[in-house]
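Let's work through some exercises together, one small step at a time. Keep the structure open beside you and try each task before reading its solution.

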Amino acid sequence: MAKKPYYITTAIAYTSGKPHIGNTYEIVLADSIARYKRFVGYDVRFQTGTDEHGQKIEIKAFENLSTPKEFVDDVSSEIKRIWDLMNTSYDKFIRTTDEYHEKQVQKIFKKLYDQGDIYKGEYEGMYCTPCESFFTSSQLVDGKCPDCGRECQPAKEEAYFFKLSKYTDRLIDHINTHPEFIQPESRKNEMMNNFLLPGLQDLCVSRTSFKWGIPVDFDPGHVVYVWIDALSNYITGLGYDVDGDSDELYGRYWPADLHLIGKDILRFHTIYWPIMLMALGQPLPKQVFGHPWLIQSNGKMSKSRGNVIYADDMVDFFGVDAVRYFLLHEMPFENDGVVSWDLVIERINSELANTLGNLVNRTISMVNKYFDGVVCDKGVTADVDEELKTLVVDTRLFVNDAMDKLKVADAISEIFVLFKRCNKYIDETMPWALAKDEAQSDRLSTVLYNLVESIVIGATLLEPFMPDTSKKILEQLNAEPRKVTELSQFGLYPSGNKVTTSPEILFARIDAAKMLEEIHAKFPEPEQVEEKPAKPVKPVKEEIKIPTVDAKVKPEISIDDFDKMQLVIGEILECQEVPKSKKLLCSKVKVGDRILQIVSGIKKFYSAEEMVGKKVVVVSNLKPTKLAGVLSEGMLLCAEDSEGNLSLLTGEKDMPAGSMIS
């Protein structure tokens with residue numbers, strides 16, 4: 001049976017400069033959708049590329065002492081390098097300077113002119129060079145471009161115009177009868193209320209004031225304006241031919257299933273592009289999704305503001321899959337997302353290192369420790385097993401529902417719910433306790449089998465979003481990725497299989513302070529670079545006072561008394577809030593070969609999430625007691641200031657868990 005075709009495109013990137021992390025988000029988002037569609041059985045065609053004509057490019061090339069073609073060749077290759085760096089699986093990278101594309105654009109322009117949809121006139125108004133857009137004075141906002149907020153210049157020139165008004169009613173009807181055409185819903189309302197219903201003005205589609213564009217072949221003084229040129233890539237890249245001699249690819253994949261674009265170019269893709277297709281007698285794309293922006297924590301990224309983050313710089317610090325995870329998981333469906341270096345570090349530590357990396361490493365280590373790496377299902381089950389299995393096999397349904405709605409962040413969250421449930425399953429079954437009882441050997445083996453099988457299913461689902469990580473997990477578990485039809489079955493991992501003897505750390509915890517110091521040394525913030533004191537700073541003669549605390553003096557003890565305490569370095573593996581307690585956190589702390597459960601009254605000062613991974617000072621031989629009904633087997637040592645604030649004691653250097661303090 002032939003696979004159902006699925007054609008997905010990104011907007012083609014404008015070759016005015018290197019794409020920042022917000023631009024890169026779109027290609028990674030599209031890649032995750034394309035990979036998922038392939039996984040569930042579609043015949044996917046994924047196209048991206050570069051938009052290379054226009055006055056802005058001509059100016060940029062002049063400033064760089066190069067020809068426009070030399071300039072766009074360099075920038076296009078840089079864009080392609082970053083798309084490849086991010087492990088994106090596009091099938092076609094189109095450039096609007098490709099000869100076949102330019103030829104078809106000329107034929108499209110001529111066809112529209114011959115049938116009366118394009119006519120010659122004169123334009124006089126305000127022109128925004130960065131947006132390549134004309135506006136009337138009434139359309140400006142505070143005298144500036146309504147799209148980007150920059151200055152517009154008066155422009156008057158002979159031009160060709162496209163009769164948008166001729167097709168307005170037909171487009172409104174299409175949008176009303178195809179509610180899925182523009183997504184999210186808020187974007188559709190914006191296009192209808194702000195542009196279509198008030199009435200469309202005819203669109204300027206040629207220019208004479210610059211030369212870097214596709215010539216209008218029947219009127220050489222004109223070049224085809226950017227939007228007819230750029231938008232046509234979605235069909236020329238499939239081999240569309242105006243004369244009817246289109247490639248087989250066009251017949252197979254058009255109309256597109258999804259145009260994935262930024263919300264700032266929604267008008268061009270949901271008004272100009274559909275009307276162009278109507279005029280050409282071609283089907284409209286099935287859906288246009290206007291995704292939100294990824295912005296810096298201090299505002300929209302701008303080279304002039306000096307707050308731009310680039311994908312390759314992030315990859316240098318964190319790796320490809322960590323950056324892909326952040327981009328895909330942190331972007332809301334409709335609202336803008338925020339990126340910052342410290343936020344990326346926090347997510348890596350809390351989700352990738354603690355939830356995922358720690359789970360995989362612990363599971364493989366336990367299989368090696370207790371069964372020499374052999375995973376066997378002994379069939380010794382308990383009720384908690386069924387709860388785990390039900391969630392694991394249902395995850396596929398939850399992920400598919402989210403992906404059908406293009407809610408990629410929700411899909412990833414569902415997969416991490418699976419991984420978190422596995423971590424909870426370890427707490428519930430306590431393999432280390434089962435290992436102490438020979439009679440529980442088969443139960444222990446079954447528990448570890450359930451964990452391995454669950455992780456295999458989770459890793460398979462993770463592939464569209466974090467392909468390299470998925471592959472690494474499956475290789476360490478000596479498993480093949482599951483087919484989509486196999487994800488509803490639990491227990492397909494071959495009993496008797498062996499996992500790797502040396503598990504790889506997927507994501508190491510990051511020392512945030514140290515990492516941020518390195519990042520800011522390499523990429524100083526603008527304020528730090530430009531900041532100058534208004535006046536010379538005079539030395540302060542007053543003695544510097546260091547805050548102190550008058551600690552209550554306790555009776556002296558002997559060295560023998562002190563020696564009774566066993567102080568060690570412990571590593572916090574897990575932490576959660578104690579139910580119905582406003583003060584207590586319950587931590588699982590690794591101390592050598594032991595795991596201690598320690599309850600501490602530090603909830604006011606630390607969240608459960610930030611506790612995980614800390615190396616702390618532990619009293620490991622304290623007599624066990626119950627706090628709020630929860631067993632506590634030790635004590636975490638803290639310092640306390642005069643206001644009652646607590647700070648956990650840690651070692652100056654990173655010492656192994658179990659190291660003695662003497």
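**Exercise 1. An unusual backbone angle**

In which loop is N87 found? Locate the residue, then describe its backbone and its surroundings.

Solution. Keep in mind throughout that this is a predicted model.

- Step 1: N87 sits in the loop between α3 (68-85) and β4.
- Step 2: Look at the backbone. The phi of N87 is near 60°, a positive value, and the residue is not a glycine. For comparison, most residues other than glycine have a negative phi.
- Step 3: Check the accessibility. The relative accessible area of N87 is 23%, so the residue counts as partly exposed.

**Exercise 2. Another positive phi**

Find D372 and decide: is D372 buried or exposed?

Solution.

- Step 1: D372 belongs to the loop between α13 (341-371) and β16 (374-375).
- Step 2: Its phi is positive, about 55°, although D372 is not a glycine.
- Step 3: The cut-off for exposed is over 50% relative accessible area. D372 has 61% relative accessibility, so D372 counts as exposed.

**Exercise 3. Cis peptide bonds**

Which residue is joined to P184 by a cis peptide bond, and which one is joined to P255 in this way?

Solution.

- Step 1: Recall the usual case: most peptide bonds are trans.
- Step 2: Q183 and P184 are linked by a cis peptide bond with omega about -10°. P184 lies in the loop between β8 (182-183) and α6 (185-196).
- Step 3: W254 and P255 are also linked by a cis peptide bond, with omega about 10°. Here the loop is the one between α9 (248-253) and β12 (258-262), where P255 is found.

**Exercise 4. A residue in a loop and its contacts**

Describe the surroundings of T97. Is T97 buried or exposed?

Solution.

- Step 1: T97 is in the loop between β4 (92-95) and α4 (99-114).
- Step 2: Buried means under 20% relative accessible area. With 13% relative accessibility, T97 therefore counts as buried.
- Step 3: Setting aside neighbours within four places in sequence, the contacts of T97 are E52, H53, K69, V72, E102 and W212.
- Step 4: Pick out E52 from that list. The side chains of T97 and E52 are joined by a polar contact of 2.7 Å.

**Exercise 5. Two packed helices**

How do helix α15 and helix α17 run relative to each other?

Solution.

- Step 1: Two packed helices are described by the angle between their axes and the distance between the axes.
- Step 2: For α15 (residues 408-429) and α17 (residues 441-462), the angle is about 170° and the axes are 9 Å apart.
- Step 3: Angles over 145 degrees count as roughly antiparallel. That is why α15 and α17 are described as roughly antiparallel to each other.
- Step 4: Now see which residues meet. Those of α15 include F416, F419 and Y425, and those of α17 include V447, L451 and I455.
- Step 5: Sort the residues of this contact by kind: 14 are nonpolar, 4 are polar and 1 is charged.

**Exercise 6. The sheet of 4 strands**

In the open sheet with the order β6-β5-β7-β9, which strands stand at the edges?

Solution.

- Step 1: The 4 strands of this open sheet pair in the antiparallel sense.
- Step 2: The edges are β6 (133-135) and β9 (203-204). Each has a single partner strand, so one side of each is left without a neighbour in the sheet.
- Step 3: Helix α10 (residues 266-280) packs on the sheet and touches β6, β7 (153-162) and β9. The direction of α10 makes about 30° with that of β7.
- Step 4: Zoom in on one pair. Strand β5 (residues 118-128) pairs with β6 over 3 bridges, in the antiparallel sense. Y127 has F134 in β6 as its bridge partner.

**Exercise 7. The sheet of 5 strands**

Follow the open sheet with the order β20-β19-β18-β21-β24. How many bridges join each pair listed below?

Solution.

- Step 1: Pairing in this sheet is antiparallel, and the edge strands β20 (594-600) and β24 (635-636) each pair on one side only.
- Step 2: Between β19 (residues 585-591) and β20 there are 7 bridges. K590 has I595 in β20 as its bridge partner.
- Step 3: Between β18 (residues 567-577) and β21 there are 5 bridges. V568 is partnered by V618 in β21.
- Step 4: Between β21 and β24 there are 2 bridges. V619 is partnered by M635 in β24.
- Step 5: Finish with β21 (residues 615-619): 4 of its 5 residues are buried, and the strand is mostly covered.

Key. Residues numbered from 1 in each chain as written. Predicted model: local features only at pLDDT ≥ 70, side-chain atom pairs only at ≥ 80, totals over all residues. Heavy atoms only, no water. Axes fitted to C-alpha atoms, helices over the stretch in contact; angles between N-to-C directions. Parallel < 35°, antiparallel > 145°, perpendicular 65-115°, else oblique. Contact = heavy atoms within 4.5 Å. Nonpolar A, V, L, I, M, F, W, Y, C, P; charged D, E, K, R; others polar. Buried < 20%, exposed > 50% of the residue type's maximum accessible area, 1.4 Å probe, protein only. Polar contact = N/O pair within 3.5 Å; in protein donor to acceptor, adjacent residues only side chain to side chain. Pairing = 2+ DSSP bridges.
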